[in-house]
Amino acid sequence: MTKTNVWIAGLATPLMVAMLLLFAVPPSVTASDQPSASNAEVKIDNFSFAPQTVTIPVGATVTWTNRDDIPHTVVSTDGVFKSKVRDTDEQFSYTFSKAGTYPYFCSVHPKMTGKIVVQ
Amino acid sequence: MSGGIPVSRAFAKGMHDSGGKGGDFSFVQISDSHMGFNKPANPDVVATLQAAVDKINGLPNKPEFLLHTGDISHLSRPEQFDTVDQVLKGASAKDVFFVPGEHDVLDDNGKSYLERYGKNTHGAGWHSFDKKGIHFIGLVNVLNLKAGGLGSLGDEQLEWMEKDVKHLSHSTPIVVFAHIPLWSVYPEWGWGTQESTQALAYLKKFGSVTVLNGHIHQTMQKVEGNVTFHTAMSTAFPQPQSGKADSPGPMKVPAEQLRTLLGITDVNYVRGQHSLAIVDSTLG
């Protein structure tokens, strides 16, 4: 939890700066495009995705980080997204622009599965 | 039954003098060299592959060829394949027959693997050949894996395999080699192959079937009727026993123990007896 909070705080600062700047200019349609505070992180550890199910609002970005000594991939079961192979500490991000349920797996170790729910 | 049953001679550490005596010919299986891996479980996989080659060159009966059962590279990179090819050039046996592991077909669906190792193969790299009366079948079970599933052979390969063995006499000894085990070692970790029952059904008529796999980085053996299943050690790093850790990832052991958990598999064939003797030797 601590790490997640720090990470959000880190992102929140530039966001707040951006929002302050927005007060100075007429309202823009792009202002609500990226609800950054709702972005999510998935860690790949011990051949599993954690958390296994992540629920996010439309427009949020999920970032996966491989913490294993073995390369993994993040591949949508329905062909929506597909990472290149991610070695130790490498990341993959995808922004979900449509509501729905997105099951995914590691195509190298298909026993590893997870799910993103976009509401 | 005219075909013999392969016999496991020894699993003991460092055993290498019982194999090959009086045999007509022998070959060596190596596996999981994971070239490019550099994590604490083994920071020098070139040195341990070289030690495997030295072990091969020191065998009392020179093997006629080598089988590599996949995960040649760690990340499918050309320079990783290059290094393995270079080190294996130092082996007394010059011919090497490969099948890919999942680490050899990352990102490009096996295209670069096939360009390098796919000569005289079919489909994704499966192939068969005959040596001294034994029929060898190399299978590919690391592509098009489905979410939640195991290793996979696919319909095209299964059809090819059925045809490939149809014309053979039932007394022909068969050796099947593939990366992921063709038996259910531990499905929870993906250690098995989806259509293995179907593939093995094609081999029912044969008196002697030996199945050689890698992937799990440790030796295991099971005999089921006419079929002996055997997995080889890695030359790179050990993995935990089924379910004995949180995951099947690399197992870190004290540096002085590493080479006692890596090794090669020497397979010896005696024509009259139709028997294959399988001898595992560790690198240290």
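Begin the tour in chain B of this predicted model, with helices H1(B) and H2(B) selected: their crossing is right-handed.

**Stop 1: the helix pair of chain B**

H1(B) covers residues 45-57 and H2(B) covers residues 78-88. Look along the two axes, which come within 9 Å of each other and cross at roughly 30°. Angles under 35 degrees count as roughly parallel, and H1(B) and H2(B) are therefore described as roughly parallel to each other.

Next, display the side chains where the helices meet. On H1(B), select Val46(B), Leu49(B), Gln50(B) and Val53(B); on H2(B), the residues they meet are Thr83(B), Val84(B), Val87(B) and Leu88(B). What is the make-up of this contact in nonpolar, polar and charged residues? Six of its residues are nonpolar and two are polar, while no charged residue takes part.

**Stop 2: an enclosed strand of chain B**

Remain in chain B and select residues 263-270, which form strand E11(B). Is E11(B) largely enclosed or largely open? Seven of the eight residues of this strand are buried, so the rest of the structure largely encloses it.

Now add residues 25-30, strand E2 of chain B, which pairs with E11(B) in the antiparallel sense. The pairing runs over five bridges. To find one position in this pairing, select Val28(B) and look across to E11(B), where Asp266(B) stands opposite.

**Stop 3: the sheet of chain A**

Move to chain A and colour by secondary structure: one helix and eight strands appear. The helix comes at the start of the pattern along the sequence, which reads α-β-β-β-β-β-β-β-β.

Select strands E3, E8, E7 and E5 of chain A, which form an open sheet in that order, with mixed pairing. Its edge strands are E3 (53-56) and E5 (75-76) of chain A, each of which pairs on one side only.

From the edge strand E3(A), step across to E8(A), residues 113-118. These two strands pair in the parallel sense over four bridges. Within this pairing, Thr55(A) has Val117(A) in E8(A) as its bridge partner.

Before leaving chain A, view the chain as a whole. Of its 119 residues, 25% count as buried. Among its contacts with a separation of 6 or more, 49% are between residues 24 or more positions apart.

**Stop 4: where the chains meet**

Finally, show both chains together. How many residues of chain A are in contact with chain B? There are 18, and they contact 18 residues of chain B. The chain A side of this interface comprises eight nonpolar, five polar and five charged residues.

Note on methods. Residues numbered from 1 in each chain as written. Chains lettered and ligands numbered in written order. Predicted model: local features only at pLDDT ≥ 70, side-chain atom pairs only at ≥ 80, totals over all residues. Contact = placed C-beta atoms within 7 Å. Nonpolar A, V, L, I, M, F, W, Y, C, P; charged D, E, K, R; others polar. Buried ≥ 20, exposed ≤ 12 C-beta atoms within 10 Å, placed from the backbone. Pairing = 2+ DSSP bridges. Axes fitted to C-alpha atoms, helices over the stretch in contact; angles between N-to-C directions. Parallel < 35°, antiparallel > 145°, perpendicular 65-115°, else oblique. Left-handed = near helix turned anticlockwise from the far one by under 90°.
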